[in-house]
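Have the chain open on your screen while you read. We'll go from the overall picture down to a few pairs of side chains.

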Amino acid sequence: MRLTALSLAAGPYGMLMRVRKGLTVRKVRAMRGGADLGPLQPRLAQLIGTRDRTVHLAPPEFLDAVRALPREAADAGSGEYDLHLIGRRHLRSINSWLHNVPAMVKGRDRCTALMHPDDAARRGLADGEQVTVASRTGRSW
């Protein structure tokens, strides 16, 4: 409840922004049927803390490394395979130690291959079809 009160106070309609007339948990609870705060107002540009008010997703060094990656990966591989496998982590199989806990392994199959539709089309694969993943070190299906 304290976190909710703090969020309300610091939000655009809260007491910190509108002095005493702002929303509080008590005022919201007293409003039968909710509160009409008017139409939504765009605020994203105000919330972004960079000088140019844009989201900087990666530093230049990171982007340079990414640009170099395809060349490095192609040089490191045998040239036999044209895709790169990236392993995904699943909450229910952290570091594989949960594989032995029945409650954690039940449910739908999480062993799936996610592939760009263009790559799948070049290989004649349809959505939901079983595939074999192979590399110079082994294969799995």
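## The big picture

Of the 141 residues in this chain, 10% count as buried; buried means under 20% relative accessible area, exposed means over 50%, and partly exposed is in between (1.4 Å probe, protein chains only). The accessible surface adds up to about 13100 Å², and 58% of that belongs to carbon and sulfur atoms (areas come from the Shrake-Rupley method with a 1.4 Å probe, and for residues only the protein chains shown count as cover).

Keep in mind that this is a predicted model: local features need pLDDT of at least 70, side-chain atom pairs count only at pLDDT 80 or more, and totals for chains, interfaces and linings use all residues. Residues are numbered from 1 along each chain as its sequence is written, and side-chain values use heavy atoms, with hydrogens and water left out.

## Helices, strands and confidence

The chain has 7 helices and 2 strands; these are DSSP runs (helices: H or I, at least four residues; strands: E, at least two), numbered from the N terminus. Starting at that end, the order is α-α-α-α-α-α-α-β-β.

How sure is the predictor? The average pLDDT, a per-residue confidence from 0 to 100, is 79 for the chain, and 79% of the residues score at least 70. Among the elements, helix α7 (residues 117-122) has the highest mean at 92, while helix α6 (residues 102-105) has the lowest at 70. Where pLDDT is low, the predicted coordinates should not be read in detail.

## Charged pairs

Side chains of opposite charge can pair when their charged atoms come close. A search of the whole structure turns up 3 salt bridges, meaning a side-chain nitrogen of Lys or Arg within 4 Å of a carboxyl oxygen of Asp or Glu.

In helix α7, Asp 119 bridges to Arg 122, with the closest N and O atoms 2.2 Å apart. These two are 3 residues apart, so about one helical turn separates them. Asp 119 is buried at 18% relative accessibility, whereas Arg 122 is exposed at 61%.

Now look at Asp 82 and Arg 123, whose closest N and O atoms are 2.7 Å apart. Asp 82 sits in the loop between α5 and α6 and Arg 123 in the loop between α7 and β1 (133-135), so the pair ties together parts 41 residues apart in sequence.

Key: pLDDT = per-residue confidence, 0-100.
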